[in-house]
Amino acid sequence: PRIVVLISGRGRNLEAIHQAIERGELNAKIVLVASNKTRAPGLGYARLAGLPTVAIAPRAFADRESYDTALARRVAAARPDWVVLAGFMRVLSDAFIAPFAGRIVNIHPSLLPKYKGLHTHARALAAGDTHHGASVHLVIPALDEGPVVRQGRIRITADDTEQTLADRVLDRIERPLYAAALADLFEARVTAGDDGALYRDGNR
Ligand code: GRF
């Protein structure tokens with residue numbers, strides 16, 4: 001399938017997905033890397049990898065809806081089968097979600113439904129949790145609420161800081177998890193029922 005990847009930062013998840021494709025572990029073609037940040041370092045990775053890129057800055061738009069409509073139009077022009085959010089740090093309104101309904105995936109660095117929103121690692125540490133992790137989920141208008149495709153978890157250690165935990169979640173969990181979850185979706189091992197819930201291996 002054709003995928004558009006949206007990033008805002010370093011693009012470590014983009015890199016993981018691209019490398020899984022290059023290794024033949026994920027059957028997909030990245031047709032566009034789009035960012036809301038003109039200087040997102042991940043755009044540099046994409047360009048070096050020869051991937052088409054575009055950056056659309058929100059400051060050029062009057063409001064969220066006009067931004068999301070412009071972004072949706074540019075993404076739709078790449079004719080994606082799936083839209084993959086990879087460290088995309090902007091809330092997307094229905095103006096973006098509706099045209100790609102059911103075909104937008106996100107990775108969130110927590111064991112959803114715990115810790116929706118930001119600062120997930122600090123919140124897990126503050127709560128004294130023994131485990132933490134990341135979740136790949138389908139995107140619906142409500143933030144970090146869509147059905148979960150896959151999750152990965154790690155133990156929190158006594159000497160973990162927000163930084164060591166964030167780095168370990170990304171390197172040990174997110175990097176392998178995203179490509180595996182996308183393969184589940186692209187190879188229809190996980191499908192969405194008309195009730196919006198996900199079913200694995202066709203058992204409904
Ligand atoms: C990752 O933890 C991702 O889960 C979150 O943003 C962080 C940075 O991602 N959404 P990246 O390095 O830009 O891929």
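This passage describes a predicted model, from its annotated domain to its ligand site, helices and loops.

The UniProt record, an unreviewed entry, lists residues 2–172 as "domain: Formyl transferase N-terminal". In the model, this span is 32% helix and 24% strand. Its end C-alpha atoms lie 26 Å apart.

The same topic leads to H108. The UniProt annotation "active site", again from an unreviewed entry, covers H108. This residue sits in strand β5. Its relative accessible area is 4%, under the 20% limit, so H108 counts as buried. Contacts of H108 beyond four places in sequence fall on Y115, K116, G117, T120, G133, A134, S135, H137 and D144.

N106 also belongs to strand β5. Its relative accessibility is 9%, and N106 therefore counts as buried. Outside its neighbours within four places in sequence, N106 is in contact with L85, S135, V136, H137, V139, D144 and Y178. S135, H137 and D144 are thus among the contacts of N106, and S135, H137 and D144 are also among those of H108.

The ligand is surrounded by residues from several parts of the chain. G9, R10, G11, R12 and N13 are among them. A86, G87 and M89 also line the ligand, as do I107, P109, L170 and E174. Polar atoms approach the ligand from both backbone and side chain. A backbone N or O atom of R10 is 3.4 Å from a ligand oxygen atom. For N13, a polar backbone atom lies 2.9 Å from an oxygen atom of the ligand. E174 contributes a polar side-chain atom, 2.7 Å from an oxygen atom of the ligand. On its own, the ligand has 360 Å² of accessible area, and the protein covers 87% of this.

S8 precedes the G9 to N13 group in the chain. S8 occupies the loop between β1 (2–7) and α1 (12–22). At 10% relative accessibility, S8 falls under the 20% cut-off and so counts as buried. Its side chain makes a polar contact with the side chain of N36, at 2.6 Å. A polar atom of the S8 side chain also lies 2.8 Å from the backbone nitrogen of M89. Leaving out residues up to four places away in sequence, S8 touches S35, N36, K37, A40, G87, F88 and M89. Of these, G87 and M89 are also found around the ligand.

Helix α1 follows this loop. Its buried residues are N13, L14, A16, I17, H18, A20 and I21. N13 is thus a buried residue of α1 and a residue around the ligand. An α-helix has 3.6 residues a turn, so residues three or four places apart point the same way. The cover over the buried residues of α1 includes strands β1, β2, β4 and β5 (104–108). Helices α2 (41–48) and α6 (162–186) are also part of that cover. After α1 comes G24, with a positive phi near 80°.

Helix α3 spans residues 64–77. At 1.5 Å a residue, its 14 residues should span 20 Å, and the end C-alpha atoms are 20 Å apart, so the two values agree. Y67, D68, A70, L71, A72 and V75 are the buried residues of α3. They pack against β1, β2 (29–35), β4 (82–85) and α4 (94–97). Strands β1, β2 and β4 therefore appear in the surroundings of α3 as well as in the cover of α1.

Some backbone geometry stands out. Most residues other than glycine have a negative phi, and most peptide bonds are trans. R79 is not a glycine, yet has a positive phi of about 50°. This residue follows α3 and lies in the loop between α3 and β4. Its relative accessibility is 56%, over the 50% limit, so R79 counts as exposed. A188 is a further non-glycine residue with a positive phi, here about 55°. A188 is placed in the loop between α6 and β8 (190–192). At 45% relative accessibility, A188 counts as partly exposed. The peptide bond from L112 to P113 is cis, with omega near 10°. P113 lies in the loop that runs between β5 and α5 (120–126).

Technical notes
Residues numbered from 1 in each chain as written. Predicted model: local features only at pLDDT ≥ 70, side-chain atom pairs only at ≥ 80, totals over all residues. Heavy atoms only, no water. Helix = DSSP H or I, 4+ residues; strand = E, 2+ residues; numbered from the N terminus. Buried < 20%, exposed > 50% of the residue type's maximum accessible area, 1.4 Å probe, protein only. Polar contact = N/O pair within 3.5 Å; in protein donor to acceptor, adjacent residues only side chain to side chain. Contact = heavy atoms within 4.5 Å. Expected span 1.5 Å × (residues − 1). Near = heavy atom within 4 Å. Areas by Shrake-Rupley, 256 points an atom, 1.4 Å probe, with all protein chains shown as cover. UniProt positions renumbered as here; feature names shortened; annotations may be inferred.
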